[in-house]
Amino acid sequence: MGGARRRGAVGAVVVVAVLGGGAVGCDGDGGSGGKDGAPGARAGSALAAVDSLTVKGRAPKTGYARERFGSAWADTDSNGCGTRDDILKRDLKGVTYRDGRCVVTGGKLVGDPYSGADVTFARGRSQVDIDHLVALSDAWQKGASRWAPSKRIAFANDPLNLLAVAAGPNRSKGDADAATWLPPHKPYRCAYVARQVAVKKKYGVWVTAAERDAMKRVLNRCPDQRLPSGGTPTEAPSRFRAR
């Protein structure tokens, strides 16, 4: 009888251990939300970070203009190269230069994040755009209209919010948020939404309820997707100006 009790106790411990391990390591869409409050969320994940974003309605677009975010591709990191060329250098393969250092004249976007295709970049007739993952107009309607100009300039030139992509799908996106547009190339959707969450969290850009729900739908499929980080300042140097 005593042996049976001991065997039963050991079995109970094994069951508890297995159940506990399953709760901690589950990679599915369910799982325990724990302190993060979202099913399947992990500390440090993009899914967990969605709940830290402020949820509000979209404000009017009144007053928006590209110039409110400063001149295009300002050299806010003071490396002597414009932001657009910095991102091309980062994201293209086989880069060629006009001046040997900054002005990118050619290269290839291998595995475009939005389409999955390889796209050739040739300056002056390029099929490659630099996309703001969180569009400037979207940010304007969700808090940026109230920012100091230096913050808007930093936002427009932050590498965390910039990506070299195929021109076609980028132009179909316009200023849409995650509720109304996602990359046609489905394998990139988790990383895409995670970057948007990271940018909005960094700058305090709010989301609509529909946008929050769309972000969670994508990230619930990849609950371990890490929240990207970007250490650039949220204010541009004082020498830059915006309206």
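## A pocket and a helix pair

The largest pocket holds about 230 Å³ of space. Of its 14 lining residues, those closest to the centre are Thr 76, Asp 77, Asn 157, Pro 159 and Thr 232. Please keep in mind that this is a predicted model.

Which helix gives the most to the lining of the largest pocket? Helix α3, spanning residues 83–91, does, with 3 residues.

Now to two helices that meet. Helix α7 (residues 189–203) and helix α8 (residues 209–219) have axes that come within 9 Å and cross at roughly 135°. An angle from 115 to 145 degrees counts as oblique, and α7 and α8 are therefore oblique to each other. The crossing of α7 past α8 is left-handed.

On the α7 side, the residues in contact are Arg 189, Cys 190, Val 193, Ala 194, Gln 196, Val 197 and Lys 200. Their partners in α8 are Glu 211, Met 215, Val 218 and Leu 219. The table gives both places by residue class.

| Place | Nonpolar | Polar | Charged |
|---|---|---|---|
| Contact of α7 with α8 | 7 residues | 1 residue | 3 residues |
| Lining of the largest pocket | 6 residues | 4 residues | 4 residues |

Conventions
Residues are numbered from 1 along each chain as its sequence is written. This is a predicted model: local features need pLDDT of at least 70, side-chain atom pairs count only at pLDDT 80 or more; totals for chains, interfaces and linings use all residues. Side-chain values use heavy atoms; hydrogens and water are left out. On a 1 Å grid over the protein atoms alone, a cavity is a set of points where a 1.4 Å probe fits but cannot get out, and a pocket is an open set with protein on both sides within 12 Å along at least five of seven lines; lining residues have an atom within 4 Å of a point. Grid points are joined across faces, edges and corners, and a volume is the space filled by probe spheres set on the points. Helices (H or I, at least four residues) and strands (E, at least two) are DSSP runs, numbered from the N terminus. Ala, Val, Leu, Ile, Met, Phe, Trp, Tyr, Cys and Pro count as nonpolar, Asp, Glu, Lys and Arg as charged, and the others, Gly among them, as polar. Axes are lines fitted to C-alpha atoms, for helices over the stretch in contact, and angles run from 0 to 180 degrees between N-to-C directions. Angles under 35 degrees count as roughly parallel, over 145 as roughly antiparallel, 65 to 115 as roughly perpendicular and the rest as oblique. A crossing is left-handed if the near helix is turned anticlockwise from the far one by less than a right angle, and right-handed if clockwise. Contact means heavy atoms within 4.5 Å.
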